[in-house]
Amino acid sequence: MWLSRFLVLLSLFVFLALPCAQGWSKEGHVLTCQIAQELLNPEATEAVQDLLPESAGGNLSALCVWPDQIRLWSKYRWASPLHYANTPDTCSFLYKRDCHNTAGEADMCVVGAIRNFTTQLMTYTTQGFDSPYNLTEALLFLSHFVGDIHQPLHLGFASDEGGNTIELRWFRRKSNLHHVWDRDIILTALADYYDKDSALLLQELQRNLTHGIWSNNVPTWERCVIIKSCINKWAEESIDLACKWAYEGVEAGITLSEDYFDSRLPIVMERLAQGGVRLAMLLNRVFSQDAAQGFASST
């Protein structure tokens, strides 16, 4: 069974050429996974290499957009609501209230997904490929959803679908508020400051993590004792940032340009960095030889 699911995964990767514009952009997810992979300990590095298909070349970021690519395929349609959590217009997140799909099924949101796939991956150290779960898919889903939960509008308001229905202009181009945070801010930064070279942006993010503006914050970002509490906290951070920065001063039909870009870019960069640090923390913990003791509670 595991082999058949693994072959499906490989075939989807080969034949899907264009990623959907969901979650962070392709660029955002790749950056998050690149940051994380550089922070993996030897045990986690070996496990990730073991679980990735050969076509990835040992590079986790090569498949970090896979959950966006397959979200409309019938086999994976169940996973579509796992990219976000809709919240009421109260600037708060409550798991029992907000983590469900449109049918009201509990745990079907990005927060529940991270909990679930973290738990699945913990079986790797004890069962390996005898695990009842598809651990390759669990790794790819987890890596992607940790990125998604750090995009503030993935915890945005249900009333505007996380900013998707707020149509506006980004400089001279038509866009919507969700897409501004998914991709427009990142692409504008790449064009204005990094010669459209994601490698240069990655270097700056890594430099700020090791010796720069975030270096003193990293221990706090990666601190986690009770897994469900940690993930809830990340969601609460995102809705707070959505209210204070994403939605603030925005209404349908507005043109967002330099002022919005300059003030929001530091938020986007920090959330990309936090996502990478926290993904590495999760993978280092779940692939440790004492994975069962990695968190006080994994459910």
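This report describes the confidence, overall make-up, disulfides and salt bridges of one predicted protein model.

The model is predicted, and local features are accordingly taken from residues with a pLDDT of at least 70, side-chain atom pairs count only at pLDDT 80 or more, and totals for chains, interfaces and linings use all residues. Residues are numbered from 1 along each chain as its sequence is written, and side-chain values use heavy atoms, with hydrogens and water left out.

## Confidence and overall make-up

The pLDDT, which is the predictor's confidence in each residue on a scale from 0 to 100, averages 91 over the protein chain, and 89% of the residues score at least 70. Over residues 1-21, however, the pLDDT is below 50, and this stretch has 38 contacts in the model beyond near neighbours in sequence, a contact being heavy atoms within 4.5 Å. Where pLDDT is low, the predicted coordinates should not be read in detail.

The protein chain contains 13 helices and three strands; these are DSSP runs, helices being H or I of at least four residues and strands being E of at least two, numbered from the N terminus. Of the 299 residues, 55% count as buried, where buried means under 20% relative accessible area, exposed means over 50%, and partly exposed lies in between (1.4 Å probe, protein chains only). Among contacts in the protein chain with a separation of 6 or more, 74% come from residues 24 or more positions apart. The protein chain exposes about 13,400 Å², of which carbon and sulfur atoms supply 52%; accessible areas come from the Shrake-Rupley method with a 1.4 Å probe, and for residues only the protein chains shown count as cover.

## Disulfides

With a disulfide taken as a pair of cysteine sulfur atoms within 2.5 Å, the count comes to four. When the bonded cysteines of the protein chain are numbered in sequence order, the pairing reads 1-2, 3-8, 4-5, 6-7.

One of these disulfides joins C91 to C243, with an S to S distance of 2.1 Å. This pair links distant parts of the chain, since C91 sits in the loop between α4 (66-69) and α5 (95-98), C243 sits in helix α12 (residues 227-246), and the two cysteines are 152 residues apart. The torsion about the S-S bond of C91 and C243 is about -105°, so this disulfide is left-handed. The two ends differ in their burial class: C91 has 39% relative accessibility and therefore counts as partly exposed, whereas C243, at 14%, counts as buried.

A further disulfide is formed by C99 and C109, whose sulfur atoms are 2.1 Å apart. Both cysteines lie in the loop between α5 and α6 (110-121), 10 residues apart. With -100° about the S-S bond, the link of C99 and C109 is left-handed, and both of these residues are buried.

C224 and C230 are likewise joined by a disulfide, with an S to S distance of 2.1 Å. Their link has 115° about the S-S bond and is right-handed, and both C224 and C230 are buried.

## Salt bridges

The structure holds eight salt bridges, a salt bridge being a side-chain nitrogen of Lys or Arg within 4 Å of a carboxyl oxygen of Asp or Glu. The table lists some of them.

| Basic residue | Acidic residue | Closest N to O distance |
|---|---|---|
| R183 | E27 | 3.0 Å |
| K233 | E237 | 2.7 Å |
| R271 | E237 | 2.7 Å |

The bridge of R183 and E27 links distant parts of the chain: R183 belongs to helix α9 (residues 177-193) and E27 to helix α2 (residues 26-38), and they are 156 residues apart. R183 counts as partly exposed because its relative accessibility is 30%, while E27 counts as buried at 15%.

The other two bridges in the table both involve E237, which is paired with K233 and with R271. K233 and E237 both lie in helix α12, four residues apart, or about one turn of the helix. At 41% relative accessibility K233 counts as partly exposed, and at 17% E237 counts as buried.

The side chains of R271 and E237 meet at 2.7 Å, N to O. R271 lies in helix α13 (residues 258-286) and E237 in helix α12, so this salt bridge ties together parts that are 34 residues apart in sequence. Both R271 and E237 are buried. Through salt bridges that share partners, K233, E237, R271 and R278 are joined into one network.
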